[in-house]
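Subject: A structure for you to look at

Hi,

Here is the structure I promised to pass on. Have a look at it first, then read my notes underneath.

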Amino acid sequence: MVGSGLSNQIGAAIGSLAFPVLGPVGVVAVRQYVAAIVLFAVGRPNLRTFTRRQWWPVALLALVFGTMNLSLYSAIDRIGLGLAVTLEFLGPLSIALAASRRRLDACCAVMAAAGVVTLMRPGPSTDYLGMGLGLLAAVCWASYILLNRTVGRRIPGAQGPAAAAGLSALMFLPAGLVIVVERPPTAGAAVYAVAAGVLSSAVPYLADLFTLRRVPARAFGLFMSVNPVLAAVVGWVVLGQSLGWTEWAAIGAVVAANTGSILTSRT
């Protein structure tokens with residue numbers, strides 16, 4: 001779990017090093033290509049057997065998958081890794097809290113909302129577009145969870161996510177070609193982008209696949225809460241993106257809200 005979380009955040013940090021050459025769109029395009037290769041190798045989807053009822057959630061999942069990564073990486077480019085991942089994490093947290101009717105979860109929701117308000121406090125240097133992109137990534141992650149559930153019910157194994165990853169890669173193919181023609185990537189930028197795809201897509205997917213066979217889902221979800229903290233630490237160490245005490249407090253509020261909800265849940 002530690003390896004998966006660190007790999008994901010380090011991959012995002014390394015990918016941001018290619019932004020000056022490829023931009024967020026170029027880096028995300030490469031990440032989608034890597035994800036498609038890995039998931040196709042694991043899932044081996046038989047596309048000819050898919051029905052119309054199976055294709056439409058796969059197509060929506062592909063669209064959400066690409067939009068989620070693009071909005072997240074664009075947010076990282078504007079507001080930094082730690083804050084962007086914290087805002088994106090509100091997606092799965094909202095799914096968990098929305099399914100509950102407990103007063104404690106309502107308190108957790110208020111705590112998380114307070115953290116977001118602290119992160120987005122108005123000021124002369126507040127990047128509202130970057131914050132908005134982070135929240136868009138959160139909406140996409142929540143949609144990604146719900147669509148993945150639908151795809152999993154209608155298509156056996158990992159065929160559905162693999163097909164969605166392949167379709168998402170095709171969607172980014174025109175953008176990738178335009179970027180290569182207009183701004184030929186340097187060797188360093190290409191290595192950074194591919195490394196981001198491997199570390200943020202291939203390694204976490206395979207690591208989580210093996211982890212969930214040995215670790216209870218509740219413990220896995222609890223550890224997922226640490227991702228915003230890992231992102232902030234990696235952003236500080238790798239990219240030199242330091243945060244003030246208010247930002248750390250806001251990240252702590254979001255993490256505590258998810259941790260409290262999981263630890264006190266009965267299922």
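Let's begin at A12, which touches Y73, I76, L81 and S200 once residues up to four places away in sequence are left out. Please keep in mind that this is a predicted model. A12 sits in helix α1, which runs over residues 2–16. Is A12 buried or exposed? With a relative accessible area of 5%, A12 is buried; the cut-off for that word is under 20%. For a feel of distance, try A12 and S225: the two are 213 residues apart in sequence, and their C-alpha atoms are 17 Å apart in space.

One of A12's partners, Y73, is worth a click too. The largest nonpolar core has 67 residues, and Y73, L81 and L90 are the ones that touch the most other members. Setting aside neighbours within four places in sequence, Y73 is in contact with G11, A12, F19, P24, V27, V28, R31, A196 and S200.

L81 also belongs to helix α4, residues 81–88. How many residues of helix α4 are buried? Eight of its eight, so to speak a full house: L81, G82, L83, A84, V85, T86, L87 and E88.

Three of those names turn up again around L119. L119 is placed in helix α6 and is buried, at 5% relative accessible area. Not counting residues up to four places away in sequence, L119 touches L83, T86, L87, M131, E247 and A250. Now compare V58: it is 61 residues from L119 along the chain, and the C-alpha atoms of the two are separated by 34 Å.

Next, the charges. The structure holds one salt bridge. It pairs D127 with R78, and the closest N and O atoms are 3.1 Å apart. D127 is in the loop between α6 (103–119) and α7 (128–154), while R78 is in helix α3 (residues 52–79), so the pair ties together parts that are 49 residues apart in sequence. R78 itself is partly exposed, with a relative accessible area of 42%.

On the outside, look for a nonpolar surface patch of about 480 Å², made by V233, W236, V237, V238 and W248. Which helix gives the largest share of the nonpolar patch? That would be α11 (residues 227–239), with four residues. W236 lies in this helix and counts as exposed at 53% relative accessibility.

There is an annotation to go with all this. The unreviewed UniProt entry marks residues 12–43, 55–73, 128–147, 159–181, 187–207, 219–239 and 245–264 as "transmembrane region". I checked two of these stretches against the model. Residues 55–73 are 100% helix and 0% strand, with the end C-alpha atoms 27 Å apart. Residues 219–239 are 90% helix and 0% strand, and there the end C-alpha atoms lie 30 Å apart.

One last oddity is R44. Although R44 is not a glycine, it has a positive phi of about 45 degrees. You will find R44 in the loop between α2 (19–43) and α3, and it is exposed, with a relative accessible area of 67%.

Have fun turning it around on the screen!

Cheers

How values were computed: Residues numbered from 1 in each chain as written. Predicted model: local features only at pLDDT ≥ 70, side-chain atom pairs only at ≥ 80, totals over all residues. Heavy atoms only, no water. UniProt positions renumbered as here; feature names shortened; annotations may be inferred. Helix = DSSP H or I, 4+ residues; strand = E, 2+ residues; numbered from the N terminus. Patch = residues over 30% accessible without salt bridge, like charges linked within 9 Å, V, L, I, M, F, W, Y side chains within 5 Å. Areas by Shrake-Rupley, 256 points an atom, 1.4 Å probe, with all protein chains shown as cover. Salt bridge = Lys/Arg side-chain N within 4 Å of Asp/Glu carboxyl O. Buried < 20%, exposed > 50% of the residue type's maximum accessible area, 1.4 Å probe, protein only. Core = buried A, V, L, I, M, F, W, Y, C linked by side-chain atoms within 4.5 Å. Contact = heavy atoms within 4.5 Å.
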